[in-house]
Amino acid sequence: MKKIILSLLAFFLLLTISDAQNQPESYCGYHGKSEWLKKYQQNPDAYPKRKSGVITYLPMAVHVLGRDDGTGYFPPRQILDALCTLNADLEDAEIQFYLEDDFNYIDNSEWFEHDFRGGSTMMRDNRIDGFVNSFIVGDPAGNCGYYSPGRDALAISKSCSGINDHTWAHEVGHLLSLPHPFVGWEGTNVVATETAPNTVNGNEVEKLDRSNCRNAADGFCDTYPDYISNRWSCNNDGESRELIDPNGVPFRADGSLIMSYSNDACANRFSSDQTDAMHANIQDERQDLLKNPNILADVDLENGVVPITPAIGEAVTTGQTLISWEPVKNATHYYVEISVFPNMAVLLERKIVSTTEFLTDALTFERPHFWRVRPFNYFDFCTSNSDIFTFDVSSASSTKTIKEIESFVVAPVPAERGSDLLIQLATDKAFSINASLISLTGQVLKTEAKDLNAGQHNFKFGLPDVASGVYILSLQNDKGERLIKRVVVN
Ligand SMILES: [Zn+2]
């Protein structure tokens, strides 16, 4: 009962903190030691032994959460970088993740920034059996990340999934049975200048002399004492501030362990005993993850990416344009980005394709455009972008516009969130149109059908609740002809 009250308290504390600010307050929401690990550590020899030199490949399902209006997603480029870092973190442990399918995009504001209950529903409703399930969200219950043993899935924050962050590997460690090296100290502040007690929160405190390393803390004898349960920075030797064990012996905790709370600049490894336990856990408890996949060789980027169309510098007309490039050896997928800025700062389009071409109709600006692709395959995410290619866009051809419309104005500029846009247009014939608000990534956010008589028209188009930014208001007739205006929402 006490435990339940304590975790409820922690739960509400986390809620309050995450409401107050968006930065994760807590590194990881996982506490304790699994029953499986307790049993394993009583007799590791009874479990399947790890075969050194043999890489274990595990299938990963990546669920990417956004808000109800389709905003907030962690960009694909950064997901690829994070997957690259995850596999680098697990390379020495000889565990590697691969994909079997595209990222699973989910629009749900309540899951995008969730409490533990919302996260539990999210995992229950979207988890796929036979995969390691990872949910990349805006706020995982106030943490950088957590592993849910009940749902057997993990949630990580976008803000803790940078190319140099190790949260994903840390949570995968939990999923594969590893506790924190400071297990028992969670929620308790260690007093650095005092000799540590023999027990903390009912758990034996680990001593430096290894006399109780099997029973205390994480039960691994090759992870040394660590009592620090909040995020800490290491010194130049990768160690913590000085602590004192129950025998009065001073020591410093090892910041290189990914399962510790040392910050991302310090953490880089799993210990040998931790690695053995992860492999035993896979072989014993997670055989559904072992599928003998056809492993793909690394993408060969030696020759770079060679563009085919548009030719570099070529002028194309607004409307649909085919962007294509030569195949890259061993690449099965390409992440395409199109921008009007040479530094690719704001993207008109971003999409993963499994061919070597991409048909875009996002070229609405009469100015130079820039594009690049990042080749990858479902086993190799550690690839780089191609060079940035450019072509010009002009409105030389207006065949795609709606000829019946003589004038078209959208006001106000900029528009306020939640207000109405005023659309004014004049036509010389009666016809029907669909008015749509479209994001720069091509997502249709709202569509309204209108039947128009010949003459002057003023009508209101209610803005849906979208984030501030640039959108496209498109009028389309039943022949697929379009007129487009930019809309800026404040
Ligand atoms: Zn953790």
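In this predicted model, three strands form an open sheet in the order E14-E16-E19, and their pairing is antiparallel. The edges of this sheet are taken by strand E14, residues 307-309, and by strand E19, residues 357-363; each of them has a single partner strand, so one side of each is left without a neighbour in the sheet. From one strand to the next, the twist of the sheet averages 30°.

The pairing can be followed in the contact between E16 and E19. Strand E16, which covers residues 319-325, is joined to E19 by five bridges, and the two strands run antiparallel. Within this pairing, Gly 319 stands opposite Leu 363, a residue of E19.

Further along the chain, the reader can turn to another sheet. Here an open sheet of three strands follows the order E22-E23-E26, again with antiparallel pairing. Which strands stand at the edges of this sheet? They are E22, residues 405-411, and E26, residues 455-462, and because each has a single partner strand, one side of each is left without a neighbour in the sheet. Neighbouring strands in this sheet are turned against each other by 15° on average, with direction ignored.

As with the preceding sheet, one pair of strands can be examined in detail. Six bridges connect E22 to strand E23, which spans residues 420-427, and these two strands run antiparallel. For Val 410, the bridge partner in E23 is Ile 423.

Terms used. Residues numbered from 1 in each chain as written. Predicted model: local features only at pLDDT ≥ 70, side-chain atom pairs only at ≥ 80, totals over all residues. Pairing = 2+ DSSP bridges. Helix = DSSP H or I, 4+ residues; strand = E, 2+ residues; numbered from the N terminus. Axes fitted to C-alpha atoms, helices over the stretch in contact; angles between N-to-C directions.
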